[in-house]
Amino acid sequence: MRGAISMDFWTVRGGKRLYGACRVQGSKNASLPILAASVLAGGETELTNVPRLRDIDAALRILRHLGCRAEQEGNRLYIDARGLVHSSVPESLMHEMRSSVIFMGALLARCGEVRLSPPGGCRLGKRPIDLHLAALRKLGARIEEDVSELHCRAQRLRGTEIILPFPSVGATENALLAACGARGETLIRGAAREPEIAALADFLCAMVAEIRGAGSDTIRLTAFRPKKDVCFRIPPDRIAAASFACAAAGCGGDLTLNGFEPGQISAVLHFLNAAGCDIITFTHALRLRSDARLTAVGPVVTAPYPGFPTDAQPLLMAALLRAEGESLFRETIFENRYRQVPELLRLGADISLDGREATIRGVERLRGSALTATDLRGGAAMIVAGLAAQGETVICDDGHITRGYEHFDRCLRSLGADVYLEY
Ligand code: EPZ
């Protein structure tokens with residue numbers, strides 16, 4: 001994967017329907033906390049089905065900076081953390097990727113100390129980490145915070161009861177990781193229930209942790225004795241799957257998605273079905289057919305899992321731009337997650353915003369235009385909309401989309417789309 005950010009240009013010639021099958025990539029949001037957790041391993045960690053993404057590269061750069069050996073061969077990763085010599089992450093690496101904050105809990109558990117710069121906000125909103133810090137303090141960490149640095153220390157972390165007032169994914173992951181270094185049992189109440197949490201717990205259990213309840217709102221971790229070597233397969237990416245389903249719904253076609261659990265995106269499939277898509281689900285695959293003009297749906301209210309995923313909001317919005325009637329969205333997770341809207345309006349979409357609410361009035365047709373990607377999911381939504389537009393859409397993107405989608409252009413082309421990525 002390329003290093004420093006350079007401008008990507010996605011060219012989408014719309015009006016073609018999607019046909020065929022594709023396999024869902026490995027999960028970005030499951031991989032990142034597992035890469036952080038690899039510093040807790042007593043030996044070598046081998047990960048398979050790891051997507052080749054910018055964010056994964058950023059996490060590998062952090063691991064190497066810490067003194068770990070980290071090598072990627074295709075979708076296989078080898079990490080050896082026995083050589084870890086640092087427990088601080090420089091600002092330059094923290095800023096590359098917001099979720100590097102997950103290294104805080106893992107390094108505290110491994111080293112008893114960690115220094116890193118506060119991740120700060122991103123394009124989706126302020127994104128404070130108060131719940132992360134409260135959880136680490138509850139485990140016995142002393143934390144000094146200033147604008148440029150967070151310094152966490154703990155002579156001895158102690159198992160405890162952590163109550164999260166909001167099921168934050170990141171705070172749940174940091175609490176779980178830090179608890180691996182604590183003496184005694186830790187109980188996390190109000191935990192996030194996203195499948196990525198269960199994947200992290202499965203990985204920690206592969207390193208001989210005893211964890212119960214991951215995937216529910218109450219997680220209990222009772223012991224952690226790192227064993228020698230670990231081999232683990234990264235689960236499929238439910239948001240990437242939802243993105244392809246929305247693409248086929250929006251421009252029409254007959255798509256089969258293989259290698260993931262459709263139940264993990266049932267909230268998305270519910271609305272695609274209500275909009276008029278014909279969906280058949282299997283244990284590890286789905287078939288979606290979209291033949292006629294879609295019908296507007298709503299309200300689509302984003303919520304923590306198993307509610308409607310905020311990461312799929314821009315993708316479903318893009319699929320519904322030509323749907324007959326008015327679709328209503330309410331974004332409850334992030335305060336600034338409609339950044340794709342001004343760009344979609346350039347394609348001739350009819351969208352109005354009122355605070356956290358977006359109303360989409362379906363239009364007969366969209367026409368290609370020049371757009372600028374705003375963030376990862378917003379950028380992918382522009383490709384989905386471009387597929388349904390007449391003519392050519394060119395998306396100028398400073399590396400957002402390849403942060404989360406592996407070979408997005410190639411996969412879409414294999415389904416008959418006319419999409420090209422130029423660096
Ligand atoms: C994870 O982010 C995902 N990222 C996000 O996906 C996803 O949108 C989000 O969960 C929600 O599902 C990864 O897994 C790497 P949160 P995270 O902590 O952990 C507030 C993508 O596109 N909050 O659940 O940062 C916060 O401001 C990305 O792949 C606090 O107020 O999400 C936000 O409004 C984007 N205080 C809400 O909770 C805290 O201490 C949800 O945040 C922590 C969070």
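This is a chat between a trainee and a mentor about reading a predicted model, from its ligand site to its sheets and loops.

Trainee: Let's begin with the ligand. Which residues come nearest to the ligand?

Mentor: Here a residue counts as near if one of its heavy atoms lies within 4 Å. There are 21 residues around the ligand, and Asp130, Leu131, Ser168, Asp311 and Ile333 come nearest.

Trainee: What classes of residue make up that shell?

Mentor: Sort the shell by class and you get nine nonpolar, six polar and six charged residues.

Trainee: And which helices supply at least two residues of the shell each?

Mentor: Those are H1 (28-37), H5 (130-138), H6 (169-179) and H12 (376-388). H5 gives the largest share, three residues.

Trainee: How do I read polar contacts to the ligand?

Mentor: Look for N or O atoms paired within 3.5 Å. Take Ser168: one of its polar side-chain atoms is 2.6 Å from a ligand oxygen. Arg127 also uses its side chain, with an N or O atom 2.8 Å from an oxygen of the ligand. Ile333 uses its backbone instead, where an N or O atom sits 2.6 Å from a ligand oxygen.

Trainee: How much of the ligand's accessible area does the protein cover?

Mentor: On its own the ligand has 830 Å² of accessible area, and the protein covers 86% of that.

Trainee: On to sheets. What should I keep in mind about side chains in a strand?

Mentor: In a regular strand, side chains alternate between the two faces of the sheet. Then check the order of the strands. One open sheet here has four strands in the order S4-S5-S3-S16, with mixed pairing.

Trainee: Why do S4 and S16 each have one side without a neighbour in the sheet?

Mentor: S4 (69-73) and S16 (230-233) are at the edges and each has a single partner strand, so one side of each is left free of a neighbour in the sheet. Ignoring direction, neighbouring strands in this sheet are turned by 15 degrees against each other on average.

Trainee: How do S3 and S5 run, parallel or antiparallel?

Mentor: Antiparallel: four bridges join S3 (residues 44-48) to S5 (residues 76-80). To see one bridge, find Glu44, whose partner in S5 is Asp80. Helix H7 (residues 195-206) packs on this sheet, touching S3 and S16, and its direction makes about 155 degrees with that of S16.

Trainee: What is the strand order in the other open sheet of four strands?

Mentor: That order is S6-S7-S9-S8, and the pairing is mixed. Its edge strands, S6 (88-89) and S8 (142-145), each pair on one side only. S6 and S7 (residues 113-116) run parallel over two bridges, and Val89 stands opposite Leu116 in S7. Helix H4 (residues 103-111) lies across S6, S7 and S9 (150-153), at about 145 degrees to S7.

Trainee: Where could I look for a hairpin?

Mentor: Try S22 (residues 350-354) and S23 (residues 357-361), which pair antiparallel over five bridges. Leu353 has Ala358 in S23 as its bridge partner. The hairpin has two residues between the strands, and Gly355 takes a positive phi near 65 degrees.

Trainee: What is the general rule for phi and for peptide bonds?

Mentor: Most residues other than glycine have a negative phi, and most peptide bonds are trans. Asn49 is not a glycine, yet its phi is positive at about 60 degrees. You'll find Asn49 in the loop between S3 and helix H2 (54-66).

Trainee: Which residues does a cis peptide bond join?

Mentor: One cis bond joins Gly298 and Pro299, with omega about -10 degrees. Pro299 is in the loop between S19 (285-290) and S20 (300-301). The bond from Tyr305 to Pro306 is cis too, with omega near 10 degrees. For Pro306, look in the loop between S20 and helix H10 (313-319).

Methods
Residues numbered from 1 in each chain as written. Predicted model: local features only at pLDDT ≥ 70, side-chain atom pairs only at ≥ 80, totals over all residues. Heavy atoms only, no water. Polar contact = N/O pair within 3.5 Å; in protein donor to acceptor, adjacent residues only side chain to side chain. Areas by Shrake-Rupley, 256 points an atom, 1.4 Å probe, with all protein chains shown as cover. Nonpolar A, V, L, I, M, F, W, Y, C, P; charged D, E, K, R; others polar. Pairing = 2+ DSSP bridges. Axes fitted to C-alpha atoms, helices over the stretch in contact; angles between N-to-C directions. Contact = heavy atoms within 4.5 Å.
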